[in-house]
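Reader: I would like a close look at one part of this protein, namely its nonpolar core and what lies around it. Please take me through it residue by residue where you can.

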Amino acid sequence: MEALIQKQAKLKTEEDKVAIYMIGASRNGKAYDLKNKLNAFVDQMNKIGGRNFSSLALDGKDDPLTQKDPEQNGKDFASLNFEQTPSACGVGRSEPETIGNTPL
């Protein structure tokens with residue numbers, strides 16, 4: 001039982017690390033920069049391709065999957081994607097600096 005409690009405490013700590021890094025104490029974490037880069041990428045693709053791709057980095061109120069969920073629709077992009085996220089998932093979401101060969 002004690003091992004289970006320690007494991008749960010460690011998981012919470014790992015989730016907190018992702019939240020602090022990506023969201024930040026004052027909403028100044030890496031996810032806000034990531035959101036700007038993702039949206040700039042979409043803008044660039046729309047200009048180059050003459051298309052109207054929708055944003056990749058949506059807040060809860062704008063995301064069709066979460067906009068009707070009262071627990072999710074008030075969250076911004078950072079909180080929606082990186083709050084209570086295990087470290088492996090957080091790293092997987094935050095590491096790429098390119099999409100294909102295109103720098104973000």
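Author: In this predicted model, the largest nonpolar core is made up of 12 residues: Val-18, Ala-19, Met-22, Ile-23, Ala-31, Tyr-32, Leu-34, Leu-38, Ala-57, Phe-77, Ala-78 and Phe-82. Helix H1 (2–22), H2 and H3 each contribute at least two residues to this core, and H2 provides the largest share, with four residues. These helices belong to a protein with four helices and two strands in total, arranged from the N terminus in the order α-α-α-α-β-β. Of the 104 residues in the protein, 28% are buried.

One of the core residues, Tyr-32, is in contact with Met-22, Ile-23, Arg-27, Asp-76 and Ala-78, when its neighbours within four places in sequence are left aside. Met-22, Ile-23 and Ala-78 are themselves listed among the core residues.

Another core residue, Phe-77, leads to Asp-59, whose side chain reaches the backbone nitrogen of Phe-77 at 2.7 Å. Asp-59 is located in the loop between helix H2 (30–49) and helix H3 (77–82), and because its relative accessibility is 16%, under the 20% limit, Asp-59 counts as buried. Residues up to four places away in sequence not being counted, Asp-59 touches Lys-35, Lys-75, Asp-76, Phe-77 and Leu-80. With Lys-35, Asp-59 also forms a salt bridge, in which the closest N and O atoms are 3.0 Å apart. This pair links distant parts of the chain, since Lys-35 lies in helix H2 and Asp-59 in the loop between H2 and H3, 24 residues apart.

The salt bridges come to six in number, and two others can be set beside the one at Asp-59. Lys-17 and Glu-14 form a salt bridge with their closest N and O atoms 3.4 Å apart; because they are three residues apart in helix H1, about one helical turn separates them. Glu-14 is partly exposed, its relative accessible area being 22%. A further salt bridge joins the side chains of Lys-61 and Asp-62, at 3.2 Å from N to O. Here Lys-61 counts as exposed at 52% relative accessibility, while Asp-62, at 39%, counts as partly exposed.

For the protein as a whole, among contacts between residues at least 6 apart in sequence, 41% join residues at least 24 apart. The accessible surface comes to about 7,500 Å², and carbon and sulfur atoms account for 53% of it.

Note on methods: Residues numbered from 1 in each chain as written. Predicted model: local features only at pLDDT ≥ 70, side-chain atom pairs only at ≥ 80, totals over all residues. Heavy atoms only, no water. Buried < 20%, exposed > 50% of the residue type's maximum accessible area, 1.4 Å probe, protein only. Contact = heavy atoms within 4.5 Å. Areas by Shrake-Rupley, 256 points an atom, 1.4 Å probe, with all protein chains shown as cover. Polar contact = N/O pair within 3.5 Å; in protein donor to acceptor, adjacent residues only side chain to side chain. Core = buried A, V, L, I, M, F, W, Y, C linked by side-chain atoms within 4.5 Å. Salt bridge = Lys/Arg side-chain N within 4 Å of Asp/Glu carboxyl O.
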